[in-house]
Amino acid sequence: QVQLVESGGGLVQAGGSLRLSCAASGSIESVSVMDWYRQAPGKERELVASITSGGRTNYLDSVKGRFTISRDNAKNTVYLQMNSLKPEDTAVYYCHAEIWTVIVGLWNDYWGQGTQVTVSA
């Protein structure tokens, strides 16, 4: 089995910073793209940032210049450094990864449990 475990959420004032981490563990053969999504109350889940195994990144327009996604391939871990946070960044943040597992022998989507980020005005 594969697990994605997130950490680093919390409460911060506007203008502050947080760093999210997500570690994948289990019967992992290979990890392709790793992403961060978020979902605010009453809104659909949206892709915040993604990073390929080669390091190519992509960002939601509203977070460009403020958020930075990175990964440690040796640790199967992805990070999201969030600076200059705004109240509109408040949401549950979910880690996602495309993983090839030894047991299944296919690329599958895996999700973390979510971590709450709350930005106060």
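**Entry 1: Ser84**

In which loop does Ser84 lie? I looked this up in a predicted model, and I found Ser84 in the loop between E8 and E9. I then read its backbone angle: Ser84 has a positive phi of about 50°, although it is not a glycine. I noted this value because most residues other than glycine have a negative phi. For Ser84 I recorded a relative accessible area of 40%, so I entered the residue as partly exposed.

**Entry 2: Asn76**

I turned next to Asn76, another residue that is not glycine and has a positive phi, here near 50°. I located Asn76 in the loop between strand E7 (67-72) and strand E8 (77-82). Its relative accessible area is 21%. The limit for a buried residue is under 20%, and Asn76 is therefore partly exposed.

**Entry 3: The whole chain**

Which elements make up the protein? I counted zero helices and eleven strands. Read from the N terminus on, the order is β-β-β-β-β-β-β-β-β-β-β.

I then checked the overall dimensions. The C-alpha trace spans about 45 × 25 × 20 Å along its principal axes. A compact globule with 121 residues would have a radius of gyration near 14 Å, and the protein has 14 Å, so the two agree.

I also looked at contacts between residues at least 6 apart in sequence; 56% of these join residues at least 24 apart. Of the 121 residues, 41% are buried. The protein exposes about 6,300 Å², and 47% of this is supplied by carbon and sulfur atoms.

**Entry 4: Arg38**

Is Arg38 buried or exposed? I found Arg38 in strand E4 (residues 28-39). Its relative accessibility is 6%, so Arg38 counts as buried. I then searched for partners of its side chain. One polar contact, of 2.8 Å, is made with the side chain of Glu46. Another, of 3.0 Å, joins the side chain of Arg38 to that of Asp89.

**Entry 5: A nonpolar patch**

Which residues form a nonpolar patch on the surface? I listed Val102, Ile103, Val104 and Leu106, which together have about 390 Å² of accessible area. I examined one of them, Val102, more fully. Val102 lies in the loop between strand E9 (91-101) and strand E10 (107-111). With a relative accessible area of 53%, Val102 is exposed, because the limit for that class is over 50%. I set this beside my note on Arg38, which is buried at 6%.

Definitions and conventions
Residues numbered from 1 in each chain as written. Predicted model: local features only at pLDDT ≥ 70, side-chain atom pairs only at ≥ 80, totals over all residues. Heavy atoms only, no water. Patch = residues over 30% accessible without salt bridge, like charges linked within 9 Å, V, L, I, M, F, W, Y side chains within 5 Å. Areas by Shrake-Rupley, 256 points an atom, 1.4 Å probe, with all protein chains shown as cover. Salt bridge = Lys/Arg side-chain N within 4 Å of Asp/Glu carboxyl O. Helix = DSSP H or I, 4+ residues; strand = E, 2+ residues; numbered from the N terminus. Buried < 20%, exposed > 50% of the residue type's maximum accessible area, 1.4 Å probe, protein only. Rg over C-alpha atoms; globule rule 2.2 N^0.38 Å. Contact = heavy atoms within 4.5 Å. Polar contact = N/O pair within 3.5 Å; in protein donor to acceptor, adjacent residues only side chain to side chain.
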